[in-house]
Each structure stands twice: as C-alpha cells, then as structure tokens.
Amino acid sequence: MAIPRISVHTKPVHDGTSPPLSPLRLDGVVDYPAEFAAQYREKGYWIGQTHSALLDSAVSAHPDRPAVVDPRRTVTYAELSERVQVIAGAFAAEGLGRGDRVIVHMPNTVEYVEVVFALFEIGALPVFALAAHRSAEIHQFCTAATARGYVTVDKFGLTSYGDLATEIDTDFPEVSTFVIPVGDESWAAGRPLPRVDRSLPSDVAFLQLSGGTTGTPKLIPRTHDDYLYSVRESARICHIDSSSVMLAVLPISHNFTMSSPGLLGMIAVGGCVVMAPDPSPDTCLRLIEEHAVTHAALVPPVLIAWLNSSALADRDISSLESVWVGGAKLPEEAARRVAPELGCTLTQVFGMAEGLVNYTRIGDDDATITTTQGRPISPDDEVRVVDDAGVPVADGLAGHLQTRGPYTIRGYYRAPEHNRKAFTADGFYATGDIVVRDPRGYLTVVGRSKDQINRGGEKIAPAMVENHLLAHHEIHDVSVVGIPDDALGERICAYVIRRDPESGTPTASQLRAFLRTERQVAAYTIPDRFEFVTEFPTTSVGKIDKKSQGS
Ligand code: AMP
Ligand code: DBH
C-alpha cells in the first residue's frame with residue numbers, strides 16, 4: 001500500500017515589515033549539539049516549520065473543512081485561524097509575548113486548540129498541564145517555569161477552575177490569569193493580531209510535562225523543528241489524511257494525544273479532531289457513530305472498557321479504521337480482541353514526552369502487532385539496550401533502553417543535576433524502561449527501572465506523593481509503590497508508618513481527605529490503598545525495598 005505523503009508549506013506568512021527574529025535564548029535549555037542539528041536538517045528531518053506555519057498550511061489547503069469539534073462548537077480551519085488571531089491579540093494586549101511561559105490548564109474543548117495556537121502565534125510557550133491537575137501541581141508548574149500566564153476555563157462538567165485562577169492571581173502577582181467561559185466566544189474580541197511569525201523553527205515551542213521520578217516536576221523543552229518532525233512522520237506511519245477524524249479521548253495535553261499523531265498530526269494533514277468530554281464507552285462509542293470517527297488514541301484500560309462495554313452492540317462504529325494504543329503496556333489478550341471485536345486495526349504506540357516514539361506498522365503480521373510495542377519513527381533514532389553496567393546486550397535479551405535522535409531532548413528544562421542522571425555523557429536519554437529488542441528493531445517493554453508508577457497510562461512519581469503525605473503531622477514515614485492491578489496495570493499503594501503506632505490514626509480516609517482538600521493534589525495521584533506498617537521491608541543494603549513492597 002502506498003504511504004501517503006504530506007505536503008508541507010514551510011514559508012511563513014509574513015507581512016514583510018517586521019524585523020528578522022534572532023533565536024530565542026532561554027536559560028536552562030540543553031541544545032542539540034551543532035553537528036547533530038546540522039545533520040538533522042541536512043537529512044530533511046528539521047524542515048524549518050513552526051506550529052503557526054503548520055496551521056497556515058492546513059488553512060490554505062482546507063479552509064472549509066472542520067478542524068475541531070466539541071459538543072458546543074465546531075470550527076473549520078479558516079474559523080480556527082481567525083479565532084487564533086483574535087485570541088493572540090487578547091494575550092498580546094495583556095503583555096504576553098515571545099518566550100513567556102503560560103500554563104494551559106484546560107479540558108478537551110475547541111477553546112483549548114484556539115488558546116494553544118494563539119500562544120504559538122505570539123511566540124509564547126504553552127506549558128501543558130493536565131485538566132486533572134489541581135492547586136498543588138499548578139503551583140509547582142508556575143514556579144518551575146517562572147510562568148507569566150495561566151489560562152483555564154470557568155467550569156467544565158462538575159469541576160470549577162475559576163477559584164484556582166483567583167489563587168494563582170494572589171500567589172503569583174507576575175502571572176496574568178485568563179478564565180475562559182467555555183462555549184462563549186465573547187471573552188476575546190477585538191482586533192486580530194496581524195499574522196506574522198513571532199518564533200523561529202529552532203526555538204523551544206512549549207514545555208511538556210514528564211511523568212517524572214522526583215519530588216519536583218520536570219519540564220520538557222521541545223523545539224518546533226524537532227516536534228513537528230515526529231508529528232509529520234507519525235501521520236505518515238499511521239496513514240491519516242484530510243478525510244481522517246480522530247476522537248481525542250485522553251487529555252489533549254498528553255503528549256500521546258497531542259502528537260502521536262494526535263491533534264497536531266490531524267492538523268498536519270487537514271483532518272478533524274472530535275473532543276470527547278470523557279473516556280467512557282457510552283460517550284465515546286456514541287461520538288464515533290455520530291461523527292464517523294476513523295481513529296482514536298487510547299490507553300489500555302480505556303480500550304478494555306470499550307471492548308467490555310454493552311454499548312458496543314448498540315452502536316455502528318464501522319467508520320473506525322484504527323485504534324492507537326499506548327501509554328502503558330497493552331496485555332496481549334486485549335490486543336488480540338481489537339480486530340475481531342472493534343472491526344478495526346490496532347497500532348501499538350510506545351512513546352514518551354521526552355521524544356522517542358515507536359509504532360507497530362500497518363501491514364505488520366499479527367504477532368508483531370499484538371506482542372510488540374513497535375519500532376522507532378526515524379532511521380536516525382539511536383536505540384541502545386544495555387545492562388546495569390551500561391554494556392549493550394544482545395538482541396532478544398532484556399536491558400535498559402537508552403535513546404538519542406532527531407526529536408529526543410538532550411536535557412530537561414533547568415535541571416542540570418537531574419540531567420546528569422537522566423542522560424548519558426554522550427547525550428542518550430536513559431528512559432528507565434526495560435525492553436527487549438528483536439533483530440528487526442521492534443521493542444517489547446518488559447519492565448521499568450525508574451521509580452515511577454504507571455496507573456493506566458498516568459505516570460505518578462512516588463516521591464511527589466510521599467512528600468505530600470510527609471506533610472501530615474501524624475505520619476512518621478511513608479513509602480509509595482505501584483501494585484499490580486488487572487484493570488489499570490498498576491495502582492498506587494502507600495505504606496505508612498504512623499508517628500504513634502498505637503493511635504489508629506490517621507486512617508486511610510483521613511489521608512485521602514488530607515491529600516484532596518489540604519494538599520490539593522490531582523485525584524489520580526491519591527493512593528488507591530493505604531497499608532499501615534511499623535517498618536518497611538529493606539534490601540540487604542538497608543534501603544527501602546520497593547520491589548518487594550510492590551509484589
Ligand atoms: P513520560 O516520560 O511521562 O512521557 O512517560 C513515558 C513512559 O510511559 C515511557 O517511558 C514508558 O514507561 C511508558 N509507556 C508509554 N507507552 C508505553 C507502551 N506502549 N507500553 C509500555 N509502556 C509505555
Ligand atoms: O506515555 C506516553 O508519554 C506516550 C505514549 C504514547 C507518549 O508520550 C507518546 C505516545 O508520544
């Protein structure tokens with residue numbers, strides 16, 4: 001089958017009056033070494049396109065096609081672009097501009113896409129918070145990014161975001177806050193900003209979040225050039241085109257839904273994105289039927305919920321061509337059910353916001369599609385599988401995955417100390433994943449060496465949860481681990497040593513309430529289980545043995 005090529009326009013729409021830009025200099029960003037950057041350009045990976053230029057291409061090729069649909073609004077590419085200029089004007093009027101970091105804390109809506117592209121338009125850097133984040137995480141992001149802006153919605157479903165904006169306004173006087181009434185366009189009106197490029201393709205375009213392994217969030221600086229290379233190739237590998245309709249089921253801010261091939265892949269080909277307000281089978285299967293959805297990106301628990309749903313029998317989902325499944329290991333039994341029960345093909349996606357993304361390919365044999373997590377996007381993705389001493393292991397043997405390439409970062413933002421551990425001296429990212437590579441280069445994820453919990457695709461750093469619990473005055477010590485779970489792959493368990501072992505407090509429900517209301521953390525980081533112990537299991541060297549706790 002011929003692989004569709006994507007036509008790209010890289011020439012910026014420019015009014016010819018503004019002075020040429022010089023590269024954006026942000027302290028705390030580790031650049032690609034010059035010789036690598038030169039090679040990536042020479043090989044045609046980095047083509048000199050910004051995210052704003054990506055949207056321009058879609059607008060000129062498909063002005064009247066629907067770009068984004070949510071339950072309240074639909075916008076065509078031309079309408080999206082017009083709205084982006086108006087909102088960009090509103091942001092610029094507040095003094096936001098090139099290089100400013102702006103926290104985007106919004107659910108899956110048309111407004112989300114408008115806001116993100118408006119930020120690209122003024123050369124500001126979106127920081128992609130998840131809608132599920134709460135006060136604790138948003139405060140951390142504002143600090144870590146030294147944010148100048150915070151954009152959220154008034155309310156969505158049962159969640160109100162407005163109060164958090166007031167808090168941010170008070171706690172961070174330098175941050176401009178925007179609370180958008182969802183579905184009401186009047187919040188940004190007035191003169192549209194003229195369409196001029198305000199960022200260079202080599203600039204950092206945004207800060208993505210890492211699931212992380214530490215007590216403080218790690219921000220991932222991605223350039224326009226490197227990210228859009230991965231997006232265009234993802235679109236090509238997944239055979240999407242302007243007739244494709246993607247259902248955005250997971251949070252749109254997640255790197256997977258954003259770029260593999262995701263929202264941006266759909267924009268690259270002039271396709272349409274339908275925003276799902278929630279991932280339930282009832283909602284999603286209905287939307288697939290209503291909008292003739294062709295593709296959806298799912299984490300394994302959501303796929304399994306769809307497969308097991310009674311709604312499947314009531315809905316016509318014959319438009320579905322392929323589901324992309326990733327974020328956590330997909331059990332083989334579930335993988336085998338996709339073709340017969342959903343009537344579409346499966347593509348496994350093993351990716352990371354730091355860069356490297358692997359896909360099984362359309363046309364691969366069944367065993368490859370159901371048992372591997374695919375192979376890298378690029379011929380220049382360098383993959384090393386090494387033992388504990390850093391020595392490469394033979395194909396077929398398990399080892400630590402390290403990677404370097406044309407869209408994998410060389411360092412986290414402003415994290416020199418952490419970078420010394422997370423990156424090798426020769427610039428490979430130590431992913432913390434344990435994989436087996438086969439002679440064709442396909443990877444199978446078999447474990448993890450990083451201290452992280454993967455709860456159905458949501459990544460939790462135990463250290464972060466431990467820090468919040470240690471703030472409780474009745475807790476002496478705590479250790480947070482992942483425990484196996486049939487539905488989610490893993491769940492969160494906190495082993496707690498009470499200050500007074502005789503007291504019977506705090507209880508599990510008191511601790512849940514403490515995390516939710518006093519610490520104000522995202523719900524998905526709250527332990528599913530609390531175990532009260534008097535000591536932690538230890539290894540022979542006296543460290544807490546997280547492996548034995550998790551089993
Ligand atoms: P992050 O670095 O927070 O973007 O999370 C990326 C991590 O998610 C990877 O390093 C893996 O640990 C995990 N992951 C993503 N996709 C898959 C997959 N298909 N199978 C297993 N683990 C995955
Ligand atoms: O889990 C991830 O972070 C992920 C999964 C699939 C990802 O970042 C991606 C594809 O790009």
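How many helices and strands does the secondary structure of the chain come to? The count is 18 helices and 26 strands. Keep in mind that this is a predicted model. Below, we look at the chain as a whole, then at one strand and its partners, and finally at ligand 2.

**The chain as a whole**

- There are 551 residues here, and 58% of them count as buried.
- If you boxed up the C-alpha atoms along the principal axes, you'd need a box of roughly 70 × 55 × 55 Å.
- A compact globule with 551 residues would have a radius of gyration near 24 Å, and the chain has 23 Å, so the two agree.

**Strand β13 and its partners**

- Let's zoom in on β13, the strand that covers residues 295-298.
- In a regular strand, side chains alternate between the two faces of the sheet.
- You can follow that in β13: His295 and Ala297 point one way, while Ala296 and Leu298 point the other way.
- Whichever way they point, all four of these residues are buried.
- β13 pairs with strand β11 (residues 245-248) in the parallel sense, over two bridges.
- On the β11 side, Leu247 is the residue that stands opposite Ala296 of β13.
- β13 also pairs with strand β14 (residues 322-326), again in the parallel sense, and this pairing runs over four bridges.
- Here Leu298 of β13 has Val325 of β14 as its bridge partner.

**What surrounds ligand 2**

- The residues around ligand 2 include His254, Asn255 and Phe256, along with Gly327, Val357 and Lys459.
- Sorted by type, the shell has five nonpolar residues, five polar ones and one charged one.
- Helix α8 (255-259) and strand β15 (345-352) each supply at least two residues of that shell.
- The largest share, three residues, comes from β15.

**Polar contacts and cover of ligand 2**

- The side chain of Ser260 has an N or O atom 2.7 Å from an oxygen atom of ligand 2.
- Met352 takes part through its backbone instead, with an N or O atom 3.4 Å from an oxygen atom of the ligand.
- Ala353 has a polar backbone atom 3.3 Å from an oxygen atom of ligand 2.
- On its own, ligand 2 would expose 290 Å², and the protein buries 94% of that.

How values were computed
Residues are numbered from 1 along each chain as its sequence is written. Chains are lettered from A and ligands numbered from 1 in the order in which they are written. This is a predicted model: local features need pLDDT of at least 70, side-chain atom pairs count only at pLDDT 80 or more; totals for chains, interfaces and linings use all residues. Side-chain values use heavy atoms; hydrogens and water are left out. Buried means under 20% relative accessible area, exposed over 50%, partly exposed in between (1.4 Å probe, protein chains only). Two strands pair if DSSP finds at least two bridges between them. A residue is near a molecule or strand if one of its heavy atoms lies within 4 Å of it. A polar contact is a pair of N or O atoms within 3.5 Å; within protein, one must be able to donate a hydrogen and the other to accept it, and residues adjacent in sequence count only if both atoms are side-chain atoms. Accessible areas come from the Shrake-Rupley method with a 1.4 Å probe; for residues, only the protein chains shown count as cover. Ala, Val, Leu, Ile, Met, Phe, Trp, Tyr, Cys and Pro count as nonpolar, Asp, Glu, Lys and Arg as charged, and the others, Gly among them, as polar. The radius of gyration is taken over C-alpha atoms; the globule rule is 2.2 Å times the number of residues to the power 0.38.
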